[in-house]
Amino acid sequence: MTRYGGECYAMAMLAAGKIDVCVEFALQPYDIVALIPLIELAGGVVTTPDGGRPEQGGQVIASGCPRLHSQILSILN
């Protein structure tokens, strides 16, 4: 499924295990900061495309598991 918009909803669906990956290109810090612990506590990973911490917003990639996340970063980089 590909959707435009709905950052918070998509990240919540990821944390709930309903979708596998979210790629966002222009998040503000307030769009992502509160969602990071929810996703990480659910077993997911949230980073920037270069693997850095996403708290500053911008381009953010979130995935449901570390293995998938590393594959996504590999493809995008």
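Ser 63 has plenty of company in this predicted model: leaving out residues up to four places away in sequence, Ser 63 touches Leu 14, Asp 20, Val 21, Ile 39, Gly 44, Val 45, Leu 68, His 69 and Ile 72. The residue belongs to strand β3, and it is buried, with a relative accessible area of 0%. The side chain of Ser 63 also comes to 3.4 Å from the backbone oxygen of Cys 65. Ser 63 and Val 23 sit 40 residues apart in sequence, yet their C-alpha atoms are 8.6 Å apart in space.

Two of the residues that Ser 63 touches, His 69 and Ile 72, lead on to helix α4. This helix spans residues 66–76, and within it His 69, Ile 72 and Leu 73 are buried. Those three lie on the same side of α4, because they cover an arc of only 100° around the axis. What do the buried residues of α4 pack against? Their partners are the strands β1 (21–27), β2 (45–47) and β3 (58–63). Turned away from that buried side is a face carrying Arg 67, Ser 74 and Ile 75, which are exposed.

Strand β1 offers another buried spot at Glu 24. The relative accessible area of Glu 24 is 15%, which counts as buried because the cut-off is under 20%. Setting aside neighbours within four places in sequence, Glu 24 is in contact with Glu 7, Met 11, Gly 58, Gln 59 and Val 60.

Next comes the nonpolar interior. The largest nonpolar core has 12 residues, namely Ala 10, Met 11, Leu 14, Cys 22, Leu 27, Ile 32, Leu 35, Ile 36, Ile 39, Val 46, Val 60 and Ala 62. At least two residues of this core come from each of α1 (7–15), β1, α3 (35–41) and β3. Such a grouping fits a broader tendency: in soluble globular proteins, nonpolar side chains tend to be buried together. Cys 22, one of the core residues, is buried at a relative accessible area of 3%. Beyond its neighbours within four places in sequence, Cys 22 is in contact with Ala 10, Met 11, Leu 14, Val 60, Ile 61 and Ala 62.

Cysteines are present, but the structure holds 0 disulfides. Why does Cys 22 have no such bond? The closest cysteine sulfur to that of Cys 22 is in Cys 8, and at 10 Å it is too far for a bond. Much the same goes for Cys 65, because its sulfur is 13 Å from the closest cysteine sulfur, in Cys 22, again too far for a bond. As for exposure, Cys 65 counts as partly exposed, with 31% relative accessibility.

Stepping back to the whole chain, the secondary structure comes to 4 helices and 3 strands, and along the sequence these follow the pattern α-β-α-α-β-β-α. The chain's radius of gyration is 11 Å, close to the 11 Å that the globule rule gives for 77 residues, so the chain is as compact as a globular protein of that length. Along the principal axes, the C-alpha atoms fill a box of roughly 25 × 25 × 25 Å. How much of the chain is buried? Of its 77 residues, 32% count as buried. Contacts also reach across the sequence: among those between residues at least 6 apart, 43% join residues at least 24 apart.

Technical notes: Residues are numbered from 1 along each chain as its sequence is written. This is a predicted model: local features need pLDDT of at least 70, side-chain atom pairs count only at pLDDT 80 or more; totals for chains, interfaces and linings use all residues. Side-chain values use heavy atoms; hydrogens and water are left out. Buried means under 20% relative accessible area, exposed over 50%, partly exposed in between (1.4 Å probe, protein chains only). The arc is that of the directions from the helix axis to the C-beta atoms. Contact means heavy atoms within 4.5 Å. A disulfide is a pair of cysteine sulfur atoms within 2.5 Å. A polar contact is a pair of N or O atoms within 3.5 Å; within protein, one must be able to donate a hydrogen and the other to accept it, and residues adjacent in sequence count only if both atoms are side-chain atoms. A nonpolar core is a set of buried Ala, Val, Leu, Ile, Met, Phe, Trp, Tyr and Cys residues joined through side-chain atoms within 4.5 Å. The radius of gyration is taken over C-alpha atoms; the globule rule is 2.2 Å times the number of residues to the power 0.38.
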